[in-house]
Each structure stands twice: as C-alpha cells, then as structure tokens.
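Take a look at the chain below. The report then moves from single residues to packed helices and cores.

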Amino acid sequence: MNINLNLNDKVILIAEDYEVNYLYIKAVLEDTGAQILWAKDGAEAVEMCSNNNKIDLVLMDIQMPRLNGYEATRQIKKFRNNLPIIAQTAYAMEYDREKSLNAGCDDYISKPIRIDTLLEAINNQLIC
C-alpha cells in the first residue's frame, strides 16, 4: 500500500528511548509535513502531552525507561482522552496487542516497523 499523507497541520509526538528508532520514524514521516516532537521516555511523553495541546497523535514505544508505554498511555488518556495513541513495540504476540489496547492505545504496530503499516495506522487515526 502506498500512502501519501499530507500532515502539514499536524503535530506528532514520537515516544521512543532509542535514538536510531526515533530517527527512522522521523525520516519516514519527513515527507508528510508533520511537525515531529521527541520524548525519550514515558514520563517525558506524559509531560509533553500535558503541556502541549497541539499534539495530534502519539507513537508510543511500550518498553521505555522511567515509565513504560502502557502506564504513560493510561496517564495521558486521563487528561487527553481523545488523543490518538499508537503503540509500537517489539512484542508481537496477540496478548501484547490486547494489553496495548486495554491500556488505552488506539492502535498497535509491531517492530520492526514497516513504512506502509505505520503510514496506514497514522492515516486511520488522523484522516479517516
């Protein structure tokens, strides 16, 4: 699937502790025009979502220091219930998908992240 997204008016927060993973996702999203922000752990993601109402979507890594993605999602959803959060994780078992959705994530993609899967998930949350 080839998705060409125009996200010029969107702000996407990438919550990811590994810089190489952040840079990969940022590069994938570069042509969309979205403004990209980076939280290096779950606690920073919660803080950024609390302080910036312009964030339109969060790509949430599940395994992060200080505060994991499940708990960060739960906290964010308490004050920004309608903010779309897409879990991204190396855990790829069906149980992990359920656990992510039960924590409040709106969608789930497994690592390694495929470009078309990522763009389709973002499209489903922001456009459709």
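Is Asn 53 buried or exposed? Asn 53 is exposed, at a relative accessible area of 63%. Here, buried means under 20% relative accessible area, exposed means over 50%, and partly exposed lies in between, with a 1.4 Å probe and protein chains only. Asn 53 sits in the loop between α2 and β3. Its C-alpha atom is 22 Å from that of Asp 17, and the two residues are 36 apart along the chain.

This is a predicted model, in which local features need pLDDT of at least 70, side-chain atom pairs count only at pLDDT 80 or more, and totals for chains, interfaces and linings use all residues. Residues are numbered from 1 along each chain as its sequence is written, and side-chain values use heavy atoms, with hydrogens and water left out. Helices (H or I, at least four residues) and strands (E, at least two) are DSSP runs, numbered from the N terminus.

**Residues by accessibility**

| Residue | Place | Relative accessible area |
|---|---|---|
| Gln 88 | strand β4 | 1%, buried |
| Ala 34 | loop between α1 and β2 | 13%, buried |
| Gln 35 | strand β2 | 44%, partly exposed |
| Arg 66 | loop between β3 and α3 | 68%, exposed |

Start with Gln 88. Which residues does Gln 88 contact, leaving aside its neighbours within four places in sequence? They are Ile 14, Ala 15, Glu 16, Ile 25, Leu 59, Met 60, Asp 61, Ile 62, Ile 109, Lys 111 and Ile 113. Contact means heavy atoms within 4.5 Å.

Ala 34 has its own set of partners. Beyond four places in sequence, Ala 34 is in contact with Leu 7, Lys 10 and Ile 12. The C-alpha atoms of Ala 34 and Leu 5 are separated by 9.3 Å, with their positions 29 residues apart along the chain.

Gln 35 touches Lys 10, Val 11 and Ile 12, not counting residues up to four places away in sequence. Gln 35 and Val 11 are 24 residues apart in sequence, yet their C-alpha atoms are 4.7 Å apart.

**Backbone features**

Arg 66 is not a glycine, but it has a positive phi of about 65 degrees. Elsewhere, a cis peptide bond joins Lys 111 and Pro 112, with omega about 0 degrees. Pro 112 belongs to the loop between β5 (107–110) and α5.

**Two helix pairs**

Two packed helices are described by the angle between their axes and the distance between the axes. Axes are lines fitted to C-alpha atoms, for helices over the stretch in contact, and angles run from 0 to 180 degrees between N-to-C directions. Angles under 35 degrees count as roughly parallel, over 145 as roughly antiparallel, 65 to 115 as roughly perpendicular and the rest as oblique.

Take α2 (residues 42–51) and α3 (residues 69–79). Their axes come within 9 Å and cross at roughly 10 degrees. That makes α2 roughly parallel to α3. From α2, the contact uses Gly 42, Ala 45, Val 46, Cys 49 and Ser 50; from α3, it uses Ala 72, Gln 75, Ile 76 and Phe 79. By class, this contact of α2 with α3 has 6 nonpolar, 3 polar and no charged residues. Ala, Val, Leu, Ile, Met, Phe, Trp, Tyr, Cys and Pro count as nonpolar, Asp, Glu, Lys and Arg as charged, and the others, Gly among them, as polar.

Now take α1 (residues 19–29) and α5 (residues 115–126). These helices pack at an angle of about 70 degrees, with axes 11 Å apart. So α1 is roughly perpendicular to α5. Tyr 24, Ile 25, Val 28 and Leu 29 in α1 meet Ile 115, Leu 118, Leu 119 and Ile 122 in α5. The residues of this contact divide into 8 nonpolar, no polar and no charged.

**The cores**

In soluble globular proteins, nonpolar side chains tend to be buried together. A nonpolar core is a set of buried Ala, Val, Leu, Ile, Met, Phe, Trp, Tyr and Cys residues joined through side-chain atoms within 4.5 Å.

The largest nonpolar core has 24 residues, of which Leu 13, Cys 49, Ile 55, Val 58, Met 60 and Ile 76 touch the most other members. β1 (11–15), β2 (35–39), α2, β3 (57–61), α3 and β4 (85–89) each supply at least two residues of this core. Helix α2 gives the most, with 4 residues. Apart from this core lies another, of 21 residues, including Leu 5, Leu 57, Leu 59 and Ile 86.

Cys 49 also has listed partners. Leaving aside neighbours within four places in sequence, Cys 49 is in contact with Leu 13, Ile 55, Val 58, Ile 76, Phe 79, Arg 80 and Leu 83.
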